[in-house]
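Got your viewer open? Here is a short walk through the salt bridges, one selection after another.

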Amino acid sequence: MYAPGRDGDLHWMQRAIDLAALCPAAAGAYSVGAVIVGANGEELAAGYSREADPREHAEEAALAKLPARGSRLSGATIYSTLEPCSERSADRTPCAQRILEARIPRVVIAWREPAHFVADCVGVEQLTTAGVIVDELSELADAARAVNRHLFDERHGRGAPRGEP
């Protein structure tokens with residue numbers, strides 16, 4: 001499994017944050033970037049929210065660029081600037097479920113999904129319950145949130161991450 005240590009994780013998360021900055025702004029959706037890195041440390045795929053479709057999530061965009069159930073994913077890590085979603089509309093598979101189906105053993109996130117669109121995202125819990133290792137790089141949370149400035153109205157307390165005012 002790809003686990004390069006703190007410096008490597010920070011490098012790949014910064015790549016995901018740079019991708020998130022490419023997202024077309026949308027009033028009803030987060031701007032997220034995702035990078036899938038293989039066991040040997042090579043970038044296998046990358047994507048960002050709304051890259052090819054206005055309803056597309058970053059993990060969905062990155063995974064769509066890979067062959068289905070590729071053996072290269074068995075040792076991969078996916079870096080996502082936001083906790084993978086645990087629920088979506090009826091016709092879209094949640095990103096946590098997509099990661100489980102792809103059998104990616106490790107996920108690294110910058111911040112957890114706040115209760116802005118979904119009352120209680122449980123993507124991290126779904127992944128860890130299934131045996132996926134999930135690491136959080138909280139030192140990059142502010143950078144990941146910054147590309148989502150358009151969603152938050154701090155004057156009304158909307159969008160504050162879990163555990164923060």
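**A tour of the charged pairs**

Start by selecting Arg-92, which counts as buried at 15% relative accessibility (buried means under 20% relative accessible area, exposed over 50%, partly exposed in between, with a 1.4 Å probe and protein chains only). A quick note before moving on: this is a predicted model, where local features need pLDDT of at least 70 and side-chain atom pairs count only at pLDDT 80 or more, while totals for chains, interfaces and linings use all residues. Residues are numbered from 1 along each chain as its sequence is written, and side-chain values use heavy atoms, leaving out hydrogens and water.

Now add Asp-53, whose side chain meets that of Arg-92 in a salt bridge at 3.7 Å, N to O (a side-chain nitrogen of Lys or Arg within 4 Å of a carboxyl oxygen of Asp or Glu). This pair links distant parts of the chain, 39 residues apart: Asp-53 sits in the loop between β2 (43-48) and α2 (58-64), and Arg-92 in the loop between β3 (77-82) and α3 (95-102). Helices (H or I, at least four residues) and strands (E, at least two) are DSSP runs, numbered from the N terminus. Asp-53 is partly exposed, at 26%.

Next, pick Arg-145 and Asp-142, which form a salt bridge at 2.5 Å, N to O. They are three residues apart in helix α5 (residues 141-146), so about one helical turn separates them. Which of the two is buried, and which exposed? Arg-145 is buried at 17%, while Asp-142 is exposed at 56%.

Finally, select Asp-53, Glu-60, Arg-88, Arg-92 and Arg-98 together: salt bridges with shared partners join them into one network. The whole structure holds 13 salt bridges.
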